[in-house]
Amino acid sequence: MKPGDISEIRHLYQLDPERCNIHRISGCFVNGEKTKVACFTENFLTLPEEERFKYLELFRKCLSGTRDKNLLLLRPRQVHRDDHSGDMMGEECKLLQALVETDLKDDATLQEFFDAVIRHFNYVDNYLILLARQNYDVPGKTTDGLELEDASEEVYAHVLCAICPVKPTKPGLGYVPEENAFHNLALGQIVDLPMNGFLYPAFIERSTDPDYVLYYTKDTVDIRPAFADAVLGSAAPLAAAGQKESFSALLSDTLGEESNLETVLQIHESLQTLVKEKKEEQESPVLGKEEVRGILRDCGVGEERLQSFDDRFDLVFTAPVQEEKEENKESEDDSAISRYPEEVPVEERIFVASNLVPQRTLEVKNADFTIRIHTDRTELLETRTIDGKKCLVIELEDGVSVNGIPIRN
C-alpha cells in the first residue's frame, strides 16, 4: 500500500458522516491470565459522540506511523490446489475473510478470532481486542486526482483490528461536579493507544486486495512475528531495527579486512540514491540478493568477497526458528547476524532499503568519539596516514564551533 492508499483509508476513521461508514464494532476485554472478561458488539452510530471519537482515535492509530517500520504489508500464506488451478486461502485468511463477510454479526466467528488472538498474543497485562467493520464506496478519480463522487468504482469492505493495552488509573482526589467537591476516586481501567493491529483486506492501488494484510506495530523492534504468523497467516519480516543490524553485520563479514571508509560511504550513497528515487514514486525500494550484490560490485568489492557475500546473505534468512524475546545464540559460523523467525522463501529474502541507511545523518564513531554528519556531505570525510598514524580527516568550513564556542582559525 502506498502512502496515498493508507491516507485514504485513514480519513474514513473520523467523525465525518460523509466518509465514516462503520457498521458496527466488536470487542473482547482480556485479563493478564488470558481470560475473557467481557465481549461486546455495538451499533457504532448509536454510541454517544464522545465514545465514537475515542474509538476512532484508536482505530486511526493503526493506520499511522512510518511505512516499512510501523506499517508492514504482509502476504498471508496460500494453500495450492492439487489440480494447480489456482490458490486457496489459508485457514487464517479464511477467518479474516469471514469477519468481513459476516459483518461482525456471527458470534461463533468472533469468538474463534478472539480465541486465536488470545492464544498467540504474548502480553502479560490486560488488553482490549477491537474490531471495526466498514464499507467504503470508492470514488472514481480524474487523471489530475480529483474525486468523482458519483462515479464509484467498487465497494471496499474491510475490518480494522486494534489491540490496545488496558491500564489502571491511579486512585486519588478528584472533582465530583454533582457535589461541587473533591473526593477520593476509586481505581479504574482506561484503554491506551494500540500496540498492534491490522487492516484486512489491503487497499492497494485504490482497490481491494485479499492477498495482503496491512499490519501495524507500535514497537519497531519487537513486531510480534509469532502473532503475525499464527493469526494473520503471514511470516513477518525482520523488524526495521533488526534489518539494519543484520545488513551491517552482513557487510562487515563480506568486506572483512578490506572494509574502508571510502567503500562504506560509497555503499551508503548508492542506497541513499535508490531510496530517494523510489520515494518520488511513492514506492518502498527492496533489495534482494542480486540487487545488494550489484551495489557491492559497483562499489569495487572483489569477486572473492562477493562469493562470501552469497553465502552470508542466505544465512540471514535460513537460520533456525527463534522464540520471541529470546536472544539469538551466536556461534563461530554465524557471527552477529540477527535471525528471521523462520525460513523465508527465496522471493521474500529482501531488505527494505530505507531501513538500512540513515535518512539525515551518518554516524562515525569509535570508543572515544562520535561524529554525526549530514548524509549529503559525506565528501567532507576522508582517511589519511599522518606521521605513521591512520587519521580521520574532516574538511572544516565556516561556522565551526566546539560546545557552542566558535572556532575562528
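Modeller: A salt bridge is a side-chain nitrogen of Lys or Arg within 4 Å of a carboxyl oxygen of Asp or Glu. The model discussed here is predicted, and the structure holds 13 salt bridges.

Biologist: What makes Asp 103 and Arg 133 a salt bridge?

Modeller: Their closest N and O atoms are 3.5 Å apart. The limit is 4 Å, so the pair qualifies. Asp 103 lies in the loop between helix H3 and H4, and Arg 133 lies in strand E6, 30 residues apart, so that distant parts of the chain are linked.

Biologist: Why is Asp 103 called buried, and why is Arg 133 called buried?

Modeller: Buried means under 20% relative accessible area. Asp 103 has 12% relative accessibility, so it counts as buried. Arg 133 has a relative accessible area of 7%, and is therefore buried.

Biologist: How do you know that Arg 206 and Glu 8 form a salt bridge?

Modeller: The distance from N to O is 2.8 Å, which is within the limit of 4 Å, so the pair counts. Arg 206 lies in the loop between strands E12 and E13 and Glu 8 in helix H1, so the pair ties together parts that are 198 residues apart in sequence. Both Arg 206 and Glu 8 are buried.

Biologist: What makes Arg 293 and Glu 303 a salt bridge?

Modeller: Their closest N and O atoms are 3.1 Å apart, so this pair also falls within 4 Å. Arg 293 belongs to helix H8 and Glu 303 to helix H9, ten residues apart.

Biologist: Is Arg 293 buried or exposed, and is Glu 303 buried or exposed?

Modeller: Arg 293 has 12% relative accessibility, under the limit of 20%, so it counts as buried. Exposed means over 50%, and Glu 303, at 52%, therefore counts as exposed.

Biologist: Why is Cys 28 not joined to Cys 39 by a bond?

Modeller: A disulfide requires two cysteine sulfur atoms within 2.5 Å. The sulfur of Cys 28 is 3.4 Å from the closest cysteine sulfur, in Cys 39, so the two are too far apart for a bond. By this rule, the count is zero disulfides. Cys 28 is itself buried, because its relative accessible area is 0%.

Biologist: Why is Leu 15 called partly exposed?

Modeller: Partly exposed covers the range between under 20% and over 50%. Leu 15 has 38% relative accessibility and therefore belongs in that class. This residue is placed in the loop between helix H1 and strand E1. Leaving aside residues up to four places away in sequence, Leu 15 touches Glu 49, Arg 52, Phe 53 and Leu 56. The C-alpha atoms of Leu 15 and Leu 56 are separated by 7.7 Å, although the residues are 41 apart along the chain.

Biologist: What makes Ile 394 partly exposed?

Modeller: Its relative accessibility is 33%, so Ile 394 also lies between the two limits. Ile 394 is in strand E20. Together with Phe 369, Leu 392 and Leu 396, Ile 394 makes a nonpolar surface patch of about 330 Å².

Biologist: How do you know that the span of helix H4 is close to what is expected?

Modeller: Helix H4 has 14 residues and reaches 20 Å from its first C-alpha to its last, and at 1.5 Å a residue the expected value is 20 Å. Several residues of H4 are buried, including Leu 110, Phe 113, Phe 114 and Val 117.

Terms used:
Residues are numbered from 1 along each chain as its sequence is written. This is a predicted model: local features need pLDDT of at least 70, side-chain atom pairs count only at pLDDT 80 or more; totals for chains, interfaces and linings use all residues. Side-chain values use heavy atoms; hydrogens and water are left out. Patches are made of residues with over 30% relative accessible area and no salt bridge: like charges are joined within 9 Å, nonpolar side chains (Val, Leu, Ile, Met, Phe, Trp, Tyr) within 5 Å. Accessible areas come from the Shrake-Rupley method with a 1.4 Å probe; for residues, only the protein chains shown count as cover. Helices (H or I, at least four residues) and strands (E, at least two) are DSSP runs, numbered from the N terminus. Buried means under 20% relative accessible area, exposed over 50%, partly exposed in between (1.4 Å probe, protein chains only). The expected span of a helix is 1.5 Å times one less than its number of residues. Contact means heavy atoms within 4.5 Å.
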